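Thanks for opening this one up with me. Please have a look at the sequence and the structure first, and then read the notes below alongside them.

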Amino acid sequence: MTGTLILVRHGQSEWNLKNLFTGWRNPDLTEKGIEEARDTGKKLKAAGIVPDLYYTSALRRAQHTLDLMLEEMGIVDVTIVRHTALNERDYGDLAGLNKDDARAKWGEEQVHIWRRSYDVPPPGGESLKDTAARTLPYYEREILPALKDGKTVLVAAHGNSLRALVMAIEGLTSDEILAREIATGEPTVYKIGSDGSLAEKVVL
Ligand SMILES: O=C(O)[C@H](O)COP(=O)(O)O
């Protein structure tokens with residue numbers, strides 16, 4: 001028996017469009033982001049996926065993405081669990097700054113280190129390692145037992161909180177995760193065995 005885990009990154013947000021560091025700030029989706037979320041819902045419906053459990057972060061862009069997906073999937077009357085453990089990495093003092101302005105101020109390399117190193121946090125914020133330290137225990141406690149039990153679980157979250165999960169699920173090293181980008185509108189479906197190991201991965 002295998003469980004099914006579907007990971008979805010939220011659609012384009014207003015701050016993604018403006019190229020601003022977002023982190024725990026709370027912008028909503030753009031029109032394009034709404035479209036992306038609806039398309040993701042359509043993909044899951046076409047694949048015949050009907051989740052048993054629904055998780056998202058405490059941030060509007062991920063919650064809105066999940067709501068739009070459920071609308072497209074024709075799913076109503078379900079319980080959605082929202083938790084800060086699934087929030088985007090906290091970008092600290094960078095939140096609200098334009099990413100190109102930050103590169104002009106601190107240099108391309110430093111900004112890349114803040115965005116994609118494993119354990120160097122941006123000033124006042126969380127590294128990917130810090131993000132994993134809250135995201136993974138939550139996954140292991142709340143989500144993995146259901147997967148081992150053969151359930152289907154849908155998680156709508158964020159680029160870096162999902163990278164932290166993907167690193168653990170796919171067994172990637174801290175070097176391998178650096179190059180991994182999580183696209184919007186491309187749900188990843190993982191089959192998880194009853195021992196918690198990864199049996200199959202499909203990107204829809
Ligand atoms: O918080 C943000 O700014 C984005 O959601 C992720 O940003 P990044 O791709 O620069 O890490």
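The points below go from the overall fold to the sheet, the helices, the ligand and two loop residues.

1. **What we are looking at.** Please keep in mind that this is a predicted model. Its protein chain contains seven helices and six strands. Reading from the N terminus, these elements follow the order β-α-α-β-α-β-α-α-α-β-α-β-β. The chain is as compact as a globular protein of its length, because its radius of gyration is 16 Å and the globule rule gives 17 Å for 204 residues.

2. **Overall dimensions and packing.** Along the principal axes, the C-alpha trace of the protein chain extends over about 50 × 35 × 25 Å. Of the 204 residues, 38% are buried. If you take the contacts between residues at least 6 apart in sequence, 76% of them link residues at least 24 apart.

3. **The sheet.** How are the six strands of the open sheet ordered? The order is S3-S2-S4-S1-S5-S6, and the pairing is mixed. Strand S3 (80-82) and S6 are at the edges with a single partner strand each, so each has one side without a neighbour in the sheet. From one strand to the next, the twist averages 20 degrees.

4. **The edge strand S6.** Is S6, spanning residues 198-203, well covered or hardly covered? It is hardly covered: among the six residues of S6, the count of buried residues is zero. Its partner is strand S5 (residues 188-193), and the two pair in the antiparallel sense over five bridges.

5. **Following the S5–S6 hairpin.** You can trace this pairing residue by residue. Thr-188 has Val-203 in S6 as its bridge partner, while Ile-192 sits opposite Leu-198. Four residues lie between the two strands of the hairpin, and in this hairpin Gly-196 adopts a positive phi near 90 degrees.

6. **Two helices across the sheet.** Helix H3 (residues 60-73) lies across strand S1 (2-9), strand S2 (53-56), S3 and strand S4 (152-157). Its direction is at about 135 degrees to S4. Helix H6 (residues 128-148) lies across S1, S2, S4 and S5, and runs at about 140 degrees to S1.

7. **Around the ligand.** Which residues surround the ligand? They are Phe-21, Thr-22, Gly-23, Glu-88, Tyr-91, Arg-115, His-158, Gly-159 and Asn-160. Sorted by class, this shell comprises two nonpolar, five polar and two charged residues.

8. **Asn-19, worth a second look.** Most residues other than glycine have a negative phi. Asn-19 is not a glycine, yet it has a positive phi of about 65 degrees. You will find Asn-19 in the loop between helix H1 (14-17) and helix H2 (31-46). Is Asn-19 buried or exposed? A residue counts as exposed if 12 or fewer other C-beta atoms lie within 10 Å of its own; Asn-19 has 12, so it is exposed.

9. **Asp-77, in another loop.** Asp-77 is not a glycine either, and its phi is positive at about 55 degrees. This residue belongs to the loop between H3 and S3. Asp-77 counts as exposed, because it has 4 C-beta neighbours inside 10 Å.

Note on methods: Residues are numbered from 1 along each chain as its sequence is written. This is a predicted model: local features need pLDDT of at least 70, side-chain atom pairs count only at pLDDT 80 or more; totals for chains, interfaces and linings use all residues. The radius of gyration is taken over C-alpha atoms; the globule rule is 2.2 Å times the number of residues to the power 0.38. A residue is buried if 20 or more other C-beta atoms lie within 10 Å of its own, exposed if 12 or fewer, and partly exposed in between; C-beta atoms are placed from the backbone. Two residues are in contact if their C-beta atoms, placed from the backbone, lie within 7 Å. Two strands pair if DSSP finds at least two bridges between them. A residue is near a molecule or strand if its C-beta atom, placed from the backbone, lies within 6 Å of it. Ala, Val, Leu, Ile, Met, Phe, Trp, Tyr, Cys and Pro count as nonpolar, Asp, Glu, Lys and Arg as charged, and the others, Gly among them, as polar. Axes are lines fitted to C-alpha atoms, for helices over the stretch in contact, and angles run from 0 to 180 degrees between N-to-C directions.
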